[in-house]
Amino acid sequence: MSDPQDLVKVQKGPAVQRRRHIRSVRDMVFLVILMGLTPSFLMVGLGGLLRRRLSPEAWQGLDRLNFEVLFPALLFFAACGRPITFGDLGRIGPAVWAVLLLALALGVVARGFGPKRFLDFAGAWQTAWRFNSAIAFVAVQTVGPDLTGQMAVAIGMAVPVANVLAVTALSRGGSLSLGQTLLKIALNPFLIASVAGVAVGLSDYKLPDPILAPAEMLAQAAIPIALLSIGATMNWEALARLNAFHGYLCLVRLVLVPLVVFLACVSLPVADDLAAVLILFAALPTASAAHVLASAFGADRELAATLIAQSTLLSALSLPAWILLIKLVFQTG
């Protein structure tokens, strides 16, 4: 007669093996993600080491080159490189706008324990919904290279709204009038390149290679230069100043917003590819140039710069975790 304990062991065997298999797959996927992101974080570190090799003016020149030429080329190339339908715009645009408004609503909770002057708070508040486009294109390659076009559409649809929200929050003061700043937004190279790329994608017209090749060459240079510049301009001691106000805004940007978006994607009938793009978009650290807009309006520039550094550094921990969850749940890549 069989021992009951032996029977239990036999029954538990397959379940234990399944759990071990799941853990093995999870660990393997996490390792792949970590290896995929490691070169980018090393580039950020290299930028920190090279900080003093170039003057501040030289780094500012590189930032300007990236903003005016390289990243617009990347956005254009990514958007026009795949056919886009009006259905893509209809499903991606409202979704990313909802993500931005969610971050704005969660971020305003920090008003009660933030700076007394609203303008200084607004300069920090914008970091809750603004996003780093460079890291978006790095991370999406790890999630699934075929999602690059959709991420470009998401960024193109989100850039003007994110900037309008930031301008609205900051427009209570500052040296620029609201009309002047809105004009700058309308002439934003990111917006112009995104609209142009989406228009080409919608037309289903394939640009001749001699015309598209320069855009591709410029696009390839955008991310490495952006990562070096992030490292060179980042305040690496910012984590030591992670108080309740800073911590909450980073929590909103890196944890709460992507968590709500993840739960919504799981609960609602959302396609796997769109869910992956939305969750990844929601999990990005804040924009590396948010302090520039804060400074233009007379807000506390150092406060915004500190939050940028904290968000970027902490994303080295949070972003791989979100990418792992995306790949396990939505089976991307």
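**Two helices and a shared core**

Guide: Let's start with a pair of helices: α11 and α13 run roughly antiparallel to each other. Keep in mind that this is a predicted model.

Visitor: Why are α11 and α13 called roughly antiparallel?

Guide: It comes down to an angle. Helix α11 (residues 272–282) packs against helix α13 (residues 301–330) at about 170 degrees, and their axes are 10 Å apart. Angles over 145 degrees count as roughly antiparallel, so this pair earns the label.

Visitor: Which residues in α11 and α13 meet?

Guide: From α11 come D272, A275, A276, I279 and L280. They meet L319, W322, I323, I326 and F330 of α13.

Visitor: What makes up that contact of α11 with α13, by class?

Guide: Nine of the residues are nonpolar, one is charged and none is polar. Asp counts as charged, and D272 is among the residues of α11 in this contact.

Visitor: How do you know whether A276 is buried or exposed?

Guide: A276 has its place in helix α11, and its relative accessibility is 1%. Buried means under 20%, so A276 counts as buried. A276 also has V143 for company: they are 133 residues apart in sequence, yet 7.7 Å apart in space, C-alpha to C-alpha.

Visitor: What is L280 in contact with, leaving aside its neighbours within four places in sequence?

Guide: Quite a list: A136, A139, V140, V143, M151, L319, I323 and I326. Contact here means heavy atoms within 4.5 Å.

Visitor: Which residues touch the most other members of the largest nonpolar core?

Guide: L280 turns up again, along with F71, W129, F131, F137 and F281. That core has 101 residues, and helix α6 (residues 148–170) gives the most to it, with 14.

Visitor: How many helices and strands does the protein have?

Guide: There are 13 helices and zero strands. Buried residues make up 48% of the 333 residues. Of the contacts with a separation of 6 or more, 86% are between residues 24 or more positions apart.

Visitor: Where is confidence lowest, and where is it highest?

Guide: Confidence is lowest in helix α1 (residues 4–49), where the mean is 63, and highest in helix α10 (residues 244–267), at 96. Across the protein the mean pLDDT is 82, with 85% of residues at 70 or more.

Visitor: What should not be read in detail where pLDDT is low?

Guide: The predicted coordinates there. Keep that in mind when you look at helix α1, with its mean of 63.

Conventions:
Residues numbered from 1 in each chain as written. Predicted model: local features only at pLDDT ≥ 70, side-chain atom pairs only at ≥ 80, totals over all residues. Heavy atoms only, no water. Axes fitted to C-alpha atoms, helices over the stretch in contact; angles between N-to-C directions. Helix = DSSP H or I, 4+ residues; strand = E, 2+ residues; numbered from the N terminus. Parallel < 35°, antiparallel > 145°, perpendicular 65-115°, else oblique. pLDDT = per-residue confidence, 0-100. Core = buried A, V, L, I, M, F, W, Y, C linked by side-chain atoms within 4.5 Å. Buried < 20%, exposed > 50% of the residue type's maximum accessible area, 1.4 Å probe, protein only.
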